[in-house]
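Thank you all for coming. I would like to walk you through one structure this morning, going element by element, and I will try to point at each part as I go.

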Amino acid sequence: DTGAVERETEAEGRLRLGAPLSLSGRYAFLGRLAAAGLQAVVREVRSRGGMRTAEGRLLPQLGLVDDGGTREGVRRGLDALVEADLLIGPYGSDLVGEAARWAAEHGRVLWNHGGSADRVQRLPGVVSAPSPASRYFAPVLEALADPLPGARILLAASGGRFGSAIAEGVREAAGRVGMEVVDTVAPAEAADSSEAEVLLLAGTFAEDVEALRRLRRRPGAVAAVAAGMSIFRTALGPQADGVLGPSQWEEGVRHPIDVGPRQADAVRSLRAEAVPQLQPGPGHVDYPAAQAYAAGLISMRCVEEVGGPDERALLEAARRLRWTTFFGRFGLGEDGRQRDHEVLAVQWQQGVKQVVWPPHLAEVPVAL
């Protein structure tokens, strides 16, 4: 009797999760996917009777506040959620940075799923599930090193912390694989890529799509941050084929799990919550939902580990522990950034998004 289980566990204790998310505004699509991921993980933990601690079981509850895609909205949302036991961050590095400042002012831990900028992940009290932005294009360049040795790269990146982190990481990865970044421009200036064999796009989703539409010449390889999302194909149609991109997670990749549900069960739960948010998309679950699920899962597992929602103990546990969930490996580096999680390189081939790197997780080889 599910109702009896819930009544029993509610009698023992509740764990309140709160998150400001962009249910409207510029990040609305991604914010709704993240909300679906959090709803899915809370539903999963409730279905197995909650979290077990030495003091008894805790049943999670989720509170969401629409931040409207603004920093002011994030602060208002966190003020409204101040009584929550666990604070889950918003989507977007700029908004996560604002949330981290609020959390530091209030002595709270911020469980981060939606901020990949390296400087944001290094902020005190931030616990990040996804890999940092500086690593986004490393697997793409590694996949291209053999077919395009010594290639010249044009990087088209937006400004801000995310773009800066992308640029820093591309320069480092390019040097490691023997390539060269010949220029860095804004996404709107990427139409002429005649000086390069590789074009990397790191703007907003709309900027990446528009830059691809305006290309006057397609170089030997094109990669875009936007290509990791299933709606990339919806936006570009056949023009998406051949484009590579980074992805934090894909449905078909399976890891040796030691915490949380199996991949198939997590995907089923995410599909139930997230696919309705994708309409009229292709019906696949993308990584913004999965990484929010992972952040919620890790935060609640830390609660089980330390026996309750003590902020100092939770942060120490998150920094110390190493786990593998359906989302992949979790482990923070000394600087606070996510260290152990692997970024995937995907490529659109004949209308299907396929993992092409790293080799031990690749579904198909890269095609140029």
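Let me begin with helix α2, residues 28-47, in what is, please keep in mind, a predicted model. At 1.5 Å a residue, the 20 residues of this helix should span 28 Å, and the C-alpha atoms at its ends are indeed 28 Å apart, so expectation and model agree. Of those 20 residues, 15 are buried, which means that α2 is largely enclosed by the rest of the structure. After α2 comes G49, and the phi of G49 is positive, near 90°.

Now please look at the sheet. Six strands make up an open sheet with mixed pairing, and if you read across it the order is β2-β3-β1-β4-β5-β6. The edges are held by β2, residues 51-53, and β6, residues 126-128; each has a single partner strand, and therefore one side of each is left without a neighbour in the sheet. From one strand to the next, the twist averages 30°. At the β2 edge, that strand runs antiparallel to β3, residues 56-66, and three bridges join the two. To pick out one position, R52 has R57 in β3 as its bridge partner.

Two helices lie across this sheet. Helix α3, residues 71-80, lies across β1 (14-21), β3 and β4 (86-88), and its direction is at about 165° to that of β1. Helix α4, residues 93-105, lies across β4, β5 (110-112) and β6, and here the angle to β5 is about 160°.

From the sheet we can move to the packing of side chains. Which residues touch the most other members of the largest nonpolar core? They are W111, W249 and L270, in a core that counts 70 residues. The element that gives the most to this core is α11, with 12 residues. If you leave aside residues up to four places away in sequence, W111 touches L86, L87, I88, G89, V127, I298, S299, C302, L314 and A318. There is also a second, separate core of 28 residues, and among its members are V140, L141, L144 and M179.

Since α11 has come up, let me stay with that helix for a moment. Its 20 residues should span 28 Å at 1.5 Å a residue, and its end C-alpha atoms are 28 Å apart, so the two figures agree here as well. The helix is mostly covered, with 17 of its 20 residues buried. Just after α11, G307 takes a positive phi of about 95°.

The next topic is aromatic pairs, of which a search of the whole structure finds five. One of them joins Y293 and F326: the ring centres are 5.0 Å apart and the planes stand at 80°, and because planes over 60 degrees apart count as edge-to-face, that is what we call this pair. Y293 lies in α11, residues 287-306, whereas F326 is in the loop between β12 (323-325) and β13 (328-330), so the pair ties together parts that are 33 residues apart in sequence. Y293 counts as buried because its relative accessibility is 0%, and F326, also at 0%, counts as buried too. Together with W249, these two residues form one aromatic cluster.

Let me turn to L332, which sits in the loop between β13 and β14, residues 344-349. Is this loop residue buried or exposed? At 3% relative accessibility, L332 counts as buried. Not counting residues up to four places away in sequence, L332 touches V127, S128, A318, R319, R322, R337, Q338 and R339. The C-alpha atoms of L332 and Q121 are separated by 9.8 Å, although these residues are 211 apart along the chain.

I will finish with two details of the backbone. Most residues other than glycine have a negative phi, and most peptide bonds are trans. Q350, in the loop between β14 and β15, is not a glycine and yet has a positive phi of about 50°. Q350 is exposed, with a relative accessible area of 77%. The other detail is the peptide bond that joins W357 and P358, which is cis, with an omega of about 5°; P358 is found in the segment after β15, residues 352-357.

Notes
Residues are numbered from 1 along each chain as its sequence is written. Side-chain values use heavy atoms; hydrogens and water are left out. Helices (H or I, at least four residues) and strands (E, at least two) are DSSP runs, numbered from the N terminus. The expected span of a helix is 1.5 Å times one less than its number of residues. Buried means under 20% relative accessible area, exposed over 50%, partly exposed in between (1.4 Å probe, protein chains only). Two strands pair if DSSP finds at least two bridges between them. Axes are lines fitted to C-alpha atoms, for helices over the stretch in contact, and angles run from 0 to 180 degrees between N-to-C directions. Contact means heavy atoms within 4.5 Å. Rings of Phe, Tyr and Trp (its six-membered ring) pair if their centres lie within 6.5 Å; planes under 30 degrees apart count as stacked, over 60 as edge-to-face and the rest as tilted. A nonpolar core is a set of buried Ala, Val, Leu, Ile, Met, Phe, Trp, Tyr and Cys residues joined through side-chain atoms within 4.5 Å.
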